[in-house]
Amino acid sequence: YTILSKVHSDRNVYPSAGVLFVHVLEREYFKGEFPPYPKPGEISNDPITFNTNLMGYPDRPGWLRYIQRTPYSDGVLYGSPTVENVGKPTIIEITAYNRRTFETARHNLIINIMSAEVDFPLPYQAEFFIRNMNVEEMLASEVLGDFLGAVKNVWQPERLNAINITSALDRGGRVPLPINDMKEGVYVMVGADVPFSSCLREVENPQNQLRCSQEMEPVITCDKKFRTQFHIDWCKISLVDNTKQVSTFQEVIRGEGILPDGGEYKPPSDTLKSRDYYSDFLITLAVPSAIALVLFLILAYIMCCRREGVEKRNMQTPDIQLVHHSAIQKSTKELRDMSKNREMAWPLSTLPVFHPVTGEVVPPLHADSYDNTSMPLMQTQQ
């Protein structure tokens, strides 16, 4: 059911709607389009890349994808045609680029999509997520055949088709780290004409659903039939039964494209009435200014006219406290005056009366050469 074909110039292919279509762009074929220039004794192995697009458009149809991992590997066109494209030839322009000689070669691939064999094909569809595969590895005919054989062994259908293959990166997955040969993963959707087997239904058990919610591996009896080659994430399997889906399509009634008549258009008058803005001025400027002025006057009265003054303060202060305060002020003033002029005579309260060694009387006014550094500050006066 999978169409595999090689590249030829202006080749016609006939895929079926709803069935996986795979077309391989082989580098060996396009090597003949470019003249070889190898060195003596070497084999030409030019890097070749491909560009695919719908004729007259810059990109491919929405159902068709393309992948080429490296310039030294083959390119692959793959996808699942839809019923809407049945009977419409799709011409894909294939341009090959030789990255060594910068030469190009172009061929056309004509895709003629055919209708399905039956009116209601593949009503039961299951989508598997394979963790240890890349999309180009899964598109190989022998690998895809092995997978379909394993699915057919656990499902036992009469008709089994591969519907679509999608890379995990196209589903929002992240690029894997380049360690331990990690793969990006691939989604494979298959369809059959019989209901799902009991093995596939085991994913819907409450125990397995609980294990999936706890990021644990569910217990599936038929997993060993896939495990030898394919590592399936059973928590991401999707089972769709199209026979139970109710169509919600509603017929769209298209109109004539003419808006209903809303009457004759009446533009506004050219003559505008004058408007008095005096009331608006009073509301926006005069009223806030008056309020601000009143508040300013109240604050000025409190700050300037309600001061108690020094006299009132002295009248309310006890006399002994005023005497102490006055004495402190006088002493402070005297000390400040003494610090301003060091050459002036000391106050009598701080001059010594007797010499500390000879006992002679010292005059009140000392000479300039008098050593006052060794004299005590306070002596008893006679």
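A disulfide here is a pair of cysteine sulfur atoms within 2.5 Å. Keep that cut-off at hand for the cysteine stops below. The model on your screen is a predicted one.

**Stop 1: the whole chain**

Start with everything shown as a cartoon. You should find 9 helices and 11 strands in the protein. Colour by accessibility next: of the 382 residues, 30% are buried. If you draw a contact map and keep pairs with a separation of 6 or more, residues 24 or more positions apart supply 65% of the contacts.

**Stop 2: the first cysteine pair**

How many disulfides does a search of the whole structure find? The search finds 2. Select Cys199 and Cys222 to see one of them; their sulfur atoms lie 1.4 Å apart and form a disulfide. The pair links distant parts of the chain, 23 residues apart: Cys199 belongs to helix α4, while Cys222 sits in the loop between α5 (206-213) and α6. Set up a dihedral about the S-S bond and you should read about -65 degrees, so this disulfide of Cys199 and Cys222 is left-handed. Are these two cysteines buried or exposed? Both Cys199 and Cys222 are buried.

**Stop 3: the second cysteine pair**

Now select Cys212 and Cys235, which are joined by a disulfide with an S to S distance of 2.2 Å. This pair also links distant parts of the chain. Cys212 is in helix α5, and Cys235 is in the loop between α6 and β11 (238-241), 23 residues apart. What is the handedness of this bridge? The torsion about the S-S bond of Cys212 and Cys235 is about -90 degrees, so the disulfide is left-handed. Cys235 counts as partly exposed because its relative accessibility is 34%, and partly exposed covers the range between under 20% and over 50%.

Show both bridges together. With the bonded cysteines numbered in sequence order, the pairing reads 1-3, 2-4.

**Stop 4: helix α3**

Select residues 141-155, which make up helix α3. Its 15 residues reach 21 Å from the first C-alpha to the last, close to the 21 Å expected at 1.5 Å a residue. Add side chains for the buried residues of α3: Val143, Leu144, Phe147, Leu148, Ala150, Val151, Val154 and Trp155. Turn the view to look down the axis, and the buried residues of α3 fall within an arc of 155 degrees, so they line one face of the helix.

What do those buried residues pack against? Their partners are the strands β8 (124-130), β9 (160-167) and β10 (186-192), together with the helices α2 (135-138), α4 (198-201) and α6 (224-227). You have met α4 already, as the home of Cys199.

**Stop 5: two residues with positive phi**

Step just past α3 to Gln156, where phi is positive, at about 60 degrees. Gln156 lies in the loop between α3 and β9. It is exposed because its relative accessible area of 56% is over 50%.

For another case, jump to Phe102, in the loop between β6 and β7 (104-111). Its phi is near 60 degrees, a positive value in a residue other than glycine. Phe102 is exposed, with a relative accessible area of 70%.

**Stop 6: Gly87 and Ser115**

Pick Gly87 in the loop between β5 (75-79) and β6 (90-98). Gly87 counts as exposed, at 63% relative accessibility. Then draw a C-alpha to C-alpha distance to Ser115: Gly87 and Ser115 are 28 residues apart in sequence and 7.9 Å apart in space.

**Stop 7: helix α7**

Finish with residues 278-305, which form helix α7. At 1.5 Å a residue its 28 residues should span 40 Å, and the end C-alpha atoms are 37 Å apart, which agrees. Where does α7 bend? Look at Ala286, where α7 bends by about 35 degrees, with a proline, Pro288, following within four residues.

An unreviewed UniProt entry lists residues 281-304 as a "transmembrane region". Select that range in the model: the chain there is 100% helix and 0% strand, and the end C-alpha atoms are 33 Å apart. The last residue to click is Cys304, which is exposed, with a relative accessible area of 58%.

How values were computed. Residues are numbered from 1 along each chain as its sequence is written. This is a predicted model: local features need pLDDT of at least 70, side-chain atom pairs count only at pLDDT 80 or more; totals for chains, interfaces and linings use all residues. Side-chain values use heavy atoms; hydrogens and water are left out. UniProt positions are given in the numbering used here, feature names are shortened, and annotations may be inferred rather than shown by experiment. The expected span of a helix is 1.5 Å times one less than its number of residues. Buried means under 20% relative accessible area, exposed over 50%, partly exposed in between (1.4 Å probe, protein chains only). The arc is that of the directions from the helix axis to the C-beta atoms. Contact means heavy atoms within 4.5 Å. The bend at a residue is the angle between axes fitted to the seven residues ending there and the seven starting there.
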